[in-house]
Amino acid sequence: MSFLFGTGHSFDPEKDIPDLSGKIILVTGGNSGLGKECIKQLAKHNPKKIYMGARSINKAREAILDIKKEVPSAEIVLLEMDLASFSSISVAADAFLSENDHLDILINNAGVFASPPGLTKDGYEIQFGTNYMGSALLTRLLLPLLEKTARIPKKDVRIVNISSEIYRSAPKGGLLLSQVKTPLTKISTMARYGQSKLANIYFTQSYAKRYPNIKSIALHPGLVRTSIGDGMTANPIFSFIFNQFNRVAAVDIPTGTLNQLWASTADPTKVKSGAYYTPFFKEANGTAIMRDSGKAEELWQWTDREFREHGF
């Protein structure tokens with residue numbers, strides 16, 4: 001089970017995250033779970049600002065107040081954003097760009113898991129559309145600022161994408177790009193989720209290849225006791241099994257956040273762009289399908305066409 005939650009580690013966020021003075025950070029899905037813990041730990045190291053991307057304004061406000069109880073000096077800015085809506089992402093990106101002249105760390109943390117069949121507002125299978133297309137569009141819209149920041153001497157710019165070992169459950173042969181504008185009811189909810197997580201890895205590889213001045217990393221946080229499984233109404237039996245297993249085998253949220261904190265802040269000579277890391281801090285070779293550069297390129301070209309059709 002070690003691939004789910006890892007083994008021992010020596011990374012201590014309190015001591016090992018360096019001083020983040022001057023840095024601007026954006027974390028999506030920041031109002032709960034891994035995202036909230038990630039913001040809290042980063043806030044302890046003096047960043048200039050941390051943006052909390054969140055769909056629910058009320059939950060985000062509560063999360064910010066909660067974090068400030070432990071880190072009173074935290075400069076956290078709420079950024080309303082629904083990753084299942086291109087228009088919402090565009091408004092959020094415009095707001096961010098209007099307020100900032102640099103962006104040091106983008107953590108694409110938000111996502112949905114084991115959702116019932118459905119489509120996003122823009123017509124993509126709900127898990128693929130949220131977990132992949134939403135994060136990919138946000139990154140695309142913020143890319144000019146990320147590139148600008150990377151040109152500043154001694155700047156260390158990173159994009160961190162939360163994937164999952166469940167990428168292994170993606171459909172045989174990889175991504176079903178010709179069908180992702182349907183609910184994909186012919187495959188299981190886990191296969192749909194796995195497809196979105198495989199896309200996150202391909203996305204990371206493509207960015208690392210095209211933008212070498214920006215460090216792009218994908219990672220699996222491990223099996224973590226978060227609320228991400230609460231929406232698993234698509235398969236009640238699987239939901240019951242998952243929740244029982246989760247109670248026994250999963251790690252707590254602070255431990256589950258370590259991989260993304262490390263990827264976001266560790267010595268840049270130790271974090272490899274384009275790599276996929278499993279707990280804790282282990283570069284994973286993965287499966288043959290994960291390493292298929294042809295399929296990664298196919299996804300890149302397909303995504304570019306989709307965004308252009310939507311005016312981005």
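**Exercise 1.** How many bridges join strand E7 to E8, and do the two run parallel or antiparallel?

*Solution.* The structure is a predicted model, in which local features need pLDDT of at least 70 and side-chain atom pairs count only at pLDDT 80 or more, while totals for chains, interfaces and linings use all residues. Residues are numbered from 1 along each chain as its sequence is written, and side-chain values use heavy atoms, with hydrogens and water left out. Strands are DSSP runs of E with at least two residues, and helices are runs of H or I with at least four, numbered from the N terminus. Strand E7 (residues 276-278) is joined to E8 by two bridges, and the strands run antiparallel; two strands pair if DSSP finds at least two bridges between them. Tyr277 stands opposite Glu283 in E8.

**Exercise 2.** Determine which strands stand at the edges of the sheet.

*Solution.* The open sheet has eight strands in the order E3-E2-E1-E4-E5-E6-E7-E8, with mixed pairing. E3 and strand E8 (282-283) stand at the edges with a single partner strand each, so one side of each lacks a neighbour in the sheet.

**Exercise 3.** Establish which residues of helix H4 are buried and which are exposed on the other side.

*Solution.* Buried means under 20% relative accessible area and exposed over 50%, with partly exposed in between (1.4 Å probe, protein chains only). In H4, Ala60, Ala63, Ile64 and Ile67 are buried. They cover an arc of only 100° around the axis (taken from the directions from the helix axis to the C-beta atoms), which puts them on the same side of H4. On the other side, Asn58, Arg61, Glu62, Leu65 and Lys69 are exposed.
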